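Could you walk me through this structure, one selection at a time? I have it open in a viewer and would like to know what to click next.

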Amino acid sequence: MRETPLEAPPEEAMDRILARMEAALREVDLAGDSIVKLPKAELDLLSQLEAARDLMMLVLQSESRDRRILQRVFGGNCVRVSRVRAVLEAVIFSDMNCRDQRASTCSSACESVEQVLADLGLGF
């Protein structure tokens with residue numbers, strides 16, 4: 001299930017996406033080389049990476065200069081963007097999904113969030 005951006009406060013929406021993303025990563029790990037389970041698990045994970053990317057980009061694009069929403073969702077201890085980054089670094093997709101652009105565009109969204117936070121003097 002994909003979260004429609006900002007159906008809920010962005011912090012809650014991101015927390016739900018992260019929970020589903022981390023659960024999907026566990027399913028990828030559990031699927032191993034199963035030709036039945038692995039493709040579904042990877043597609044579920046890619047769907048959550050897409051949802052995270054979309055929420056990050058929505059927050060980045062809808063913000064004014066003060067970036068209050070971005071700071072509230074991703075600032076502070078920067079744990080949310082770090083959790084997305086940890087999933088991206090942990091997963092190795094099969095040949096079937098290794099060229100799917102959702103992982104790389106999610107990584108780019110993380111970099112954008114990290115850069116804005118750094119520009120604001122918040123971590124990174």
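Start with the whole chain in cartoon view: there are five helices and zero strands. Followed from the N terminus, the elements run α-α-α-α-α. Keep in mind that this is a predicted model.

Now switch on the surface. The chain exposes about 6,900 Å², and carbon and sulfur atoms supply 53% of that area. Of the 124 residues in the chain, 44% are buried. Next, display contacts between residues at least 6 apart in sequence: 72% of these join residues at least 24 apart.

**Stop one: Cys 78**

Hide the surface and select Cys 78. You will find this residue in the loop between α3 (68-74) and α4 (79-90). Is Cys 78 buried or exposed? Its relative accessible area is 6%, and because buried means under 20%, Cys 78 counts as buried.

Look at the backbone here too. Most residues other than glycine have a negative phi. Cys 78 has a positive phi, near 60°, although the residue is not glycine.

**Stop two: Arg 80**

Move on to Arg 80, which is found in helix α4. With a relative accessible area of 15%, Arg 80 is also under the 20% limit, so this residue is buried.

What does the side chain of Arg 80 reach? One end point is the backbone oxygen of Val 73, at 2.7 Å. The side chain of Arg 80 also makes a polar contact with the side chain of Asp 15, again at 2.7 Å. Draw both distances in your viewer to see them side by side.

Then show the neighbours. Leaving aside residues up to four places away in sequence, Arg 80 touches Glu 11, Met 14, Asp 15, Leu 18, Arg 72, Val 73 and Phe 74. Asp 15 and Val 73, the partners you have just met, are on that list.

**Stop three: Cys 98**

Finish by selecting Cys 98. Its relative accessibility is 38%, which lies between the 20% and 50% limits, so Cys 98 counts as partly exposed.

With two cysteines visited, a last question comes up: how many disulfides does a search of the whole structure find? A disulfide is a covalent bond between the sulfur atoms of two cysteines. The search finds zero of them in the whole structure.

How values were computed:
Residues are numbered from 1 along each chain as its sequence is written. This is a predicted model: local features need pLDDT of at least 70, side-chain atom pairs count only at pLDDT 80 or more; totals for chains, interfaces and linings use all residues. Side-chain values use heavy atoms; hydrogens and water are left out. Helices (H or I, at least four residues) and strands (E, at least two) are DSSP runs, numbered from the N terminus. Buried means under 20% relative accessible area, exposed over 50%, partly exposed in between (1.4 Å probe, protein chains only). A polar contact is a pair of N or O atoms within 3.5 Å; within protein, one must be able to donate a hydrogen and the other to accept it, and residues adjacent in sequence count only if both atoms are side-chain atoms. Contact means heavy atoms within 4.5 Å. A disulfide is a pair of cysteine sulfur atoms within 2.5 Å. Accessible areas come from the Shrake-Rupley method with a 1.4 Å probe; for residues, only the protein chains shown count as cover.
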